[in-house]
There are 2 protein chains.
Amino acid sequence: MTKDISTEERILAAAKKIFMRDGFQGARMDDIAEEANVNKALLHYYFRSKRKLFEIIFQETKGKMLPRVKEIFESDMPFFEKIEKFVHSYFDLLIENPALPLFIVNEVHKDPRKFAEQSGFLEVVRPTMMIFMQHLNDEIKQGRVKQIAPMHLLMNIMSMCIFSFLGKPMFQMMANMDELQYQFFLQQRKEEVVRFVIDAIKA
Amino acid sequence: MTKDISTEERILAAAKKIFMRDGFQGARMDDIAEEANVNKALLHYYFRSKRKLFEIIFQETKGKMLPRVKEIFESDMPFFEKIEKFVHSYFDLLIENPALPLFIVNEVHKDPRKFAEQSGFLEVVRPTMMIFMQHLNDEIKQGRVKQIAPMHLLMNIMSMCIFSFLGKPMFQMMANMDELQYQFFLQQRKEEVVRFVIDAIKA
DNA sequence: GTCTATATATGGATAGAC
DNA sequence: GTCTATCCATATATAGAC
């Protein structure tokens, strides 16, 4: 038994699992309690309300995405290498947290403002985007990259990363892949997406 | 007043709007009733239960995607033209139904089996995929298209279409676009995605 | 801190008048 | 067909014993 983990920690871990799986509305406090092997009342003892508990999970989870993206794009790697690192890093993160994309997409959809406000999302993203755009425009001027609007390129890259997870159930059905096969497919996609992007934009 | 529209039709329209916006769990019968300007009890009079009402919306909505995809890929257009038609067609459909992707992704996520079973999704998709793969492999053999695994190409194309809508709130924030600007962005993406894909795969 | 028992709120569903 | 009133199940939240 992992009884050296505090009750509070166990609740947080359970909550993360259930919220990720079912979203805020779909998740039930009973399920979280059961998953954490504690009484339902304890959730309220520690975290007061479902909403509060959720916020903690959400905040913590959000924070994972950005720092590494920032780090990559602020480095002085060549442009294509930044793309490669970015895609690999993104895929690795999402392979560890496969429910994250649907979770984030849903929560942002429900309340975009809240997402923007708390935890200074924009304050981190905007400067990083600026650097990306600057580097891209340089490459275009140098004639190494075809003319392309930065937002479209960014959207294309992020699409191919994130949708690999959002579309998992549908693609698994369509291609009749079991879990193992899909994991292999995801590993392939890391290389595949990089190659695809570079082939699309290199002059 | 559009009072020549039957109550039943008004309820269906309202239900579609609310279910699209909030998903099955999130939607409330009260909201649907209010949106349709009828009493809550009437929803049950016409459709018996929330689940039943939902199924009707879901079925109807699902049916829109596939037929045109099927039609395009079963035609005898050149390969690149198929891609172009597919992307344009997909975007146009989703511009008309921007909430569809999140709706579908959520419902498939909650119960992949059900999605597969009802309305013979696989029976339509699988043959169409076969044709796509066949045509792609021909093009590769002819040396007009680079070597690429069909499932990856398919995933790439669908990603860039669908995620343009799933990621809308986040991208709008990041790029500080208002509604009109995002609509323009989406129109651009039709051309942009086609160009991107063709540049990526043409030999 | 952790439990049992219970209060309270929400939302789907039904009964019955009109 | 449409309404009001009400029931009932589910799920969040709190009270109080240990």
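## Fold of chain A

From the N terminus on, the elements of chain A follow the order α-α-α-α-α-α-α-α-α-α-α. Chain A accordingly has 11 helices and 0 strands. The structure is a predicted model. Along its principal axes, the C-alpha trace of chain A spans about 65 × 40 × 35 Å.

One of the helices of chain A, α4, covers residues 50–74. Within chain A, the side chains of A:K70 and A:E74 meet in a salt bridge, with a distance of 3.1 Å from N to O. These two residues are 4 residues apart in helix α4, which means that about one helical turn separates A:K70 from A:E74. Over all chains, the count of salt bridges comes to 32.

## Relation between the two protein chains

Two copies of a chain are related by a rotation about an axis and a shift along it. Here, a turn of 180° and a shift of 0.0 Å along the axis lay chain A on chain B with an RMSD of 0.2 Å. That is the relation of a two-fold axis. In chain A, the C-alpha nearest this axis belongs to A:A200, at 1.9 Å from it. The same surface serves both copies, since 100% of the contact residues of chain A recur in chain B.

## Interface of chain A and chain B

The contact between the protein chains involves 53 residues of chain A and 53 residues of chain B. The size of an interface is often given as the accessible area lost when the parts come together. For chain A and chain B, the area buried between them is about 4800 Å², and 74% of it lies on carbon and sulfur atoms.

Polar and charged groups also take part in this interface. Between chain A and chain B, 15 residue pairs are in polar contact, both residues being at pLDDT 80 or more. Seven helices of chain A give two or more residues to the side that touches chain B: α1 (7–26), α6 (100–110), α7 (112–117), α8 (121–141), α9 (150–166), α10 (168–175) and α11 (179–201). The greatest contribution to this side of chain A comes from α9(A), with 13 residues. By class, the residues on the side of chain A that touches chain B are 35 nonpolar, 11 polar and 7 charged. The interface of chain A and chain B also contains 2 salt bridges. In a salt bridge between B:K146 and A:D199, the closest N and O atoms are 3.1 Å apart.

## Surroundings of DNA strand C

Around DNA strand C there are 17 residues, of which A:N39, A:Y46, B:R28, B:M29 and B:K50 come nearest. The list draws on both protein chains. Sugar or phosphate accounts for 63% of the atoms of DNA strand C within 4 Å of the protein, and bases supply the rest.

Several individual contacts can be described. A polar side-chain atom of B:R28 lies 2.9 Å from a phosphate oxygen of DNA strand C, while B:M29 places a backbone N or O atom 2.7 Å from a phosphate oxygen of this strand. A base is also approached: an N or O atom in the side chain of B:K40 is 3.3 Å from a base nitrogen of DNA strand C.

At least two residues of the surface near DNA strand C come from each of α3 of chain A, α2 (29–36) of chain B and α3 of chain B. The helix that gives the most to this surface is α3(A), with 4 residues. The residues near DNA strand C divide into 8 nonpolar, 4 polar and 5 charged.

## Surroundings of DNA strand D

DNA strand D is surrounded by 16 residues, and the closest are A:R28, A:K40, A:K50, B:N39 and B:Y46. Of the atoms of DNA strand D that come within 4 Å of the protein, 62% belong to sugar and phosphate.

Phosphate oxygens of DNA strand D lie 3.0 Å from a polar side-chain atom of A:R28 and 2.8 Å from an N or O atom in the side chain of B:T7. For B:N39, a backbone N or O atom lies 3.0 Å from a phosphate oxygen of DNA strand D. The elements that give two or more residues to the surface near this strand are α3 (40–47) of chain A and α3 (40–47) of chain B. The most is given by α3(B), with 4 residues. By class, the surface near DNA strand D has 8 nonpolar, 4 polar and 4 charged residues.

Technical notes. Residues are numbered from 1 along each chain as its sequence is written. Chains are lettered from A and ligands numbered from 1 in the order in which they are written. This is a predicted model: local features need pLDDT of at least 70, side-chain atom pairs count only at pLDDT 80 or more; totals for chains, interfaces and linings use all residues. Side-chain values use heavy atoms; hydrogens and water are left out. A residue is near a molecule or strand if one of its heavy atoms lies within 4 Å of it. A polar contact is a pair of N or O atoms within 3.5 Å; within protein, one must be able to donate a hydrogen and the other to accept it, and residues adjacent in sequence count only if both atoms are side-chain atoms. Ala, Val, Leu, Ile, Met, Phe, Trp, Tyr, Cys and Pro count as nonpolar, Asp, Glu, Lys and Arg as charged, and the others, Gly among them, as polar. Contact means heavy atoms within 4.5 Å. Buried area is the accessible area (1.4 Å probe) that two parts lose on being put together, summed over both. A salt bridge is a side-chain nitrogen of Lys or Arg within 4 Å of a carboxyl oxygen of Asp or Glu. Copies are superposed by least squares on the C-alpha atoms of residues with pLDDT of at least 70 in both.
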